[in-house]
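Reader: Could you walk me through one spot in this model in some detail? I'd like to hear about an aromatic cluster and the helices around it.

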Amino acid sequence: MAEKEGRTEQRQVKPGDSLGAKAVAGAPVAGGGVVVEVREKKGPLRAAIPTMPFPLAVICLFLNTFIPGLGTLLSAFTVLCGARSELLPERGVCCVFWLNVAAAVIQILTAVIMVGWIMSIFWGMDMVILASYRDQGLPQDV
């Protein structure tokens, strides 16, 4: 933020802006702005969502939309078939599989009160987003 004659001016750094070599998180940049790095902290259930091929992720989203929890249950089995997850290095395949099964059971049991159905759709959307990052070669923690 830069202060000009009693008023505060706030600037945001856009992805296309050229920041040079000194663009470090928290470091001032030309023009008075500050580069801020934000990383999402994910819980164990969210971090256990597997990264799978895009067509399979779309099928899981479709299944989760119409039969809550079914796409999540299918995604749990993709972990056993080699799909990667952010939690895999820390917890192992078996734990990630059971976390996905637990998420599917939660979605199925709470679908009656609409919470599970909504959670199931968001879960499917996260699968598609992770799959699109995988196909584009982007880092998955965006």
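Author: Here's a close look at the aromatic cluster and the helix contact it belongs with. Keep in mind that this is a predicted model. The count of aromatic pairs comes to three. Take Phe-77 and Phe-97: their ring centres sit 5.2 Å apart with the planes at 70°, and since anything over 60 counts as edge-to-face, that's what this pair is. Phe-77 belongs to helix α3 (residues 70–80) and Phe-97 to helix α5 (residues 93–110), so the pair ties together parts that are 20 residues apart in sequence. The two rings have their own surroundings: Phe-77 has 42% relative accessibility and so counts as partly exposed, while Phe-97, at 9%, counts as buried. Phe-97 also pairs with Trp-98, again edge-to-face, at 5.0 Å centre to centre and 75° between the planes. Put together, Phe-77, Phe-97 and Trp-98 make one aromatic cluster.

Now for the helices themselves. The axes of α3 and α5 are 8 Å apart and the helices pack at an angle of about 175°; angles over 145 count as roughly antiparallel, so that's how α3 and α5 run relative to each other. On the α3 side, the contact is made by Thr-72, Leu-73, Ser-75, Ala-76, Phe-77, Val-79 and Leu-80. From α5 come Val-93, Val-96, Phe-97, Asn-100, Val-101, Ala-103, Ala-104 and Gln-107. Sort the residues of this contact by type and you get 11 nonpolar, four polar and no charged. Phe-77 and Phe-97, then, turn up both in the aromatic cluster and in the contact of α3 with α5.

How values were computed: Residues are numbered from 1 along each chain as its sequence is written. This is a predicted model: local features need pLDDT of at least 70, side-chain atom pairs count only at pLDDT 80 or more; totals for chains, interfaces and linings use all residues. Side-chain values use heavy atoms; hydrogens and water are left out. Rings of Phe, Tyr and Trp (its six-membered ring) pair if their centres lie within 6.5 Å; planes under 30 degrees apart count as stacked, over 60 as edge-to-face and the rest as tilted. Helices (H or I, at least four residues) and strands (E, at least two) are DSSP runs, numbered from the N terminus. Buried means under 20% relative accessible area, exposed over 50%, partly exposed in between (1.4 Å probe, protein chains only). Axes are lines fitted to C-alpha atoms, for helices over the stretch in contact, and angles run from 0 to 180 degrees between N-to-C directions. Angles under 35 degrees count as roughly parallel, over 145 as roughly antiparallel, 65 to 115 as roughly perpendicular and the rest as oblique. Contact means heavy atoms within 4.5 Å. Ala, Val, Leu, Ile, Met, Phe, Trp, Tyr, Cys and Pro count as nonpolar, Asp, Glu, Lys and Arg as charged, and the others, Gly among them, as polar.
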